[in-house]
Amino acid sequence: MAIADRTSRTVWEGALASGKGRLDSGSGALTGLDVTWAARTEQPGGKTSPEELAAAAHSSCFSMALALKLGEHQIEPQRLEVAAKVTLDEVDGLPTIVSSELEIKAAVEGIDAADFQKVVDEAAALCPVSRLFAGAKISVNAQLLAKESA
């Protein structure tokens with residue numbers, strides 16, 4: 001039995017270059033998101049793309065995996081900021097998602113930079129979206145922020 005099933009539906013109308021789509025998620029959290037080829041390959045213009053949605057999935061998944069792994073080390077993060085940049089490029093003449101770059105800025109007390117990096121590596125091995133992207137190049141640049149002085 002699956003841990004979770006989530007759904008999304010896009011209705012597309014017209015040819016690729018001139019057409020448009022509208023995306024809705026089963027949860028209702030993503031409703032009426034417009035998608036176009038131009039938004040995917042040129043300027044977004046307020047519309048989304050599969051790559052942007054993949055980046056959202058990766059950054060949110062990784063933040064949860066990192067919070068879990070820190071917790072397993074009895075460390076509670078004050079703040080984790082995870083940004084993802086998913087890149088679409090041409091490979092063998094086909095558009096292909098080739099990479100996802102994660103930038104992490106973390107406010108976490110009770111851990112040094114070396115041990116934090118070990119926990120980040122554990123989270124990288126755990127994150128289901130990272131494993132989904134296993135054929136893509138995934139890079140993680142994690143920065144442990146200095147404690148703010150009171």
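Start by selecting Glu72, which counts as partly exposed at 44% relative accessibility. Keep in mind that you are looking at a predicted model. Now add Lys69: its side chain forms a salt bridge with Glu72, and the closest N and O atoms are 3.0 Å apart. The two residues sit in helix H2 (residues 50-72), three residues apart, which is about one turn of the helix. Color by accessibility and Lys69 comes out as buried, at 17% relative accessibility. That is under the 20% limit for calling a residue buried.

**Zoom out**

Show the whole chain as a cartoon. There are four helices and six strands, and from the N terminus they follow the order β-β-β-α-α-β-β-α-α-β. The C-alpha trace spans about 55 × 40 × 35 Å along its principal axes. Of the 150 residues in the chain, 27% are buried. If you draw the contacts with a sequence separation of 6 or more, 50% of them come from residues 24 or more positions apart.

**Color the two domains**

Give one color to residues 8-41, assigned as domain 1, and another to 50-144, assigned as domain 2. Four residues from domain 1 and four residues from domain 2 take part in the contact between them. Put a marker on each C-alpha centre and the distance reads 26 Å.

Turn on a surface for the interface next. About 370 Å² is buried between domain 1 and domain 2, with carbon and sulfur atoms giving 75% of that area. Which three residues of domain 1 supply more of the area it buries against domain 2 than any other three? Select Leu23, Trp37 and Arg40: together they supply 74% of it.

Stay with Arg40 and bring up Glu51. These two form a salt bridge, with the closest N and O atoms 2.6 Å apart. How many salt bridges does the rule find across the interface of domain 1 and domain 2? Just one. The count of residue pairs in polar contact across this interface is one as well. On the side of domain 1 that touches domain 2, you'll find three nonpolar residues, no polar ones and one charged.

**Hop along the other salt bridges**

The salt-bridge count by this rule comes to six. As a reminder of the chemistry, side chains of opposite charge can pair when their charged atoms come close.

Select Arg22 and Asp34, whose side chains meet in a salt bridge at 2.8 Å, N to O. Arg22 belongs to strand S2 (residues 20-25) and Asp34 to strand S3 (residues 33-35), so this pair ties together parts that are 12 residues apart in sequence. Is Arg22 buried, partly exposed or exposed? It counts as partly exposed, at 43% relative accessibility. Asp34 is partly exposed too, with a relative accessible area of 32%.

Then jump to Glu101 and Lys85, another salt bridge, with the closest N and O atoms 3.9 Å apart. This pair links distant parts of the chain: Glu101 is in strand S5 (residues 94-107) and Lys85 in strand S4 (residues 79-91), 16 residues apart. Glu101 counts as partly exposed at 34% relative accessibility, and Lys85 is partly exposed with a relative accessible area of 48%.

**Stop at Thr36**

Go back to domain 1 and center on Thr36, in the loop between S3 and helix H1 (37-41). Is Thr36 buried or exposed? At 15% relative accessibility, it counts as buried. Show its side chain: a polar atom there lies 2.9 Å from the backbone nitrogen of Ala39. Now expand the selection to what Thr36 touches. Leaving aside residues up to four places away in sequence, you get Trp12, Gly19, Lys20, Lys47 and Thr48.

**Finish with two positive phi angles**

Most residues other than glycine have a negative phi, and most peptide bonds are trans. With that in mind, select Gln74, a residue other than glycine with a positive phi near 55°. Gln74 is in the loop between H2 and S4 and counts as exposed, at 70% relative accessibility.

Last, pick Asp92. Where does Asp92 lie? Look in the loop between S4 and S5. Its phi is positive as well, near 55°. With 76% relative accessibility, Asp92 counts as exposed.

Technical notes:
Residues are numbered from 1 along each chain as its sequence is written. This is a predicted model: local features need pLDDT of at least 70, side-chain atom pairs count only at pLDDT 80 or more; totals for chains, interfaces and linings use all residues. Side-chain values use heavy atoms; hydrogens and water are left out. Domain bounds come from an automatic or database domain assignment. Contact means heavy atoms within 4.5 Å. Buried area is the accessible area (1.4 Å probe) that two parts lose on being put together, summed over both. A salt bridge is a side-chain nitrogen of Lys or Arg within 4 Å of a carboxyl oxygen of Asp or Glu. A polar contact is a pair of N or O atoms within 3.5 Å; within protein, one must be able to donate a hydrogen and the other to accept it, and residues adjacent in sequence count only if both atoms are side-chain atoms. Ala, Val, Leu, Ile, Met, Phe, Trp, Tyr, Cys and Pro count as nonpolar, Asp, Glu, Lys and Arg as charged, and the others, Gly among them, as polar. Buried means under 20% relative accessible area, exposed over 50%, partly exposed in between (1.4 Å probe, protein chains only).
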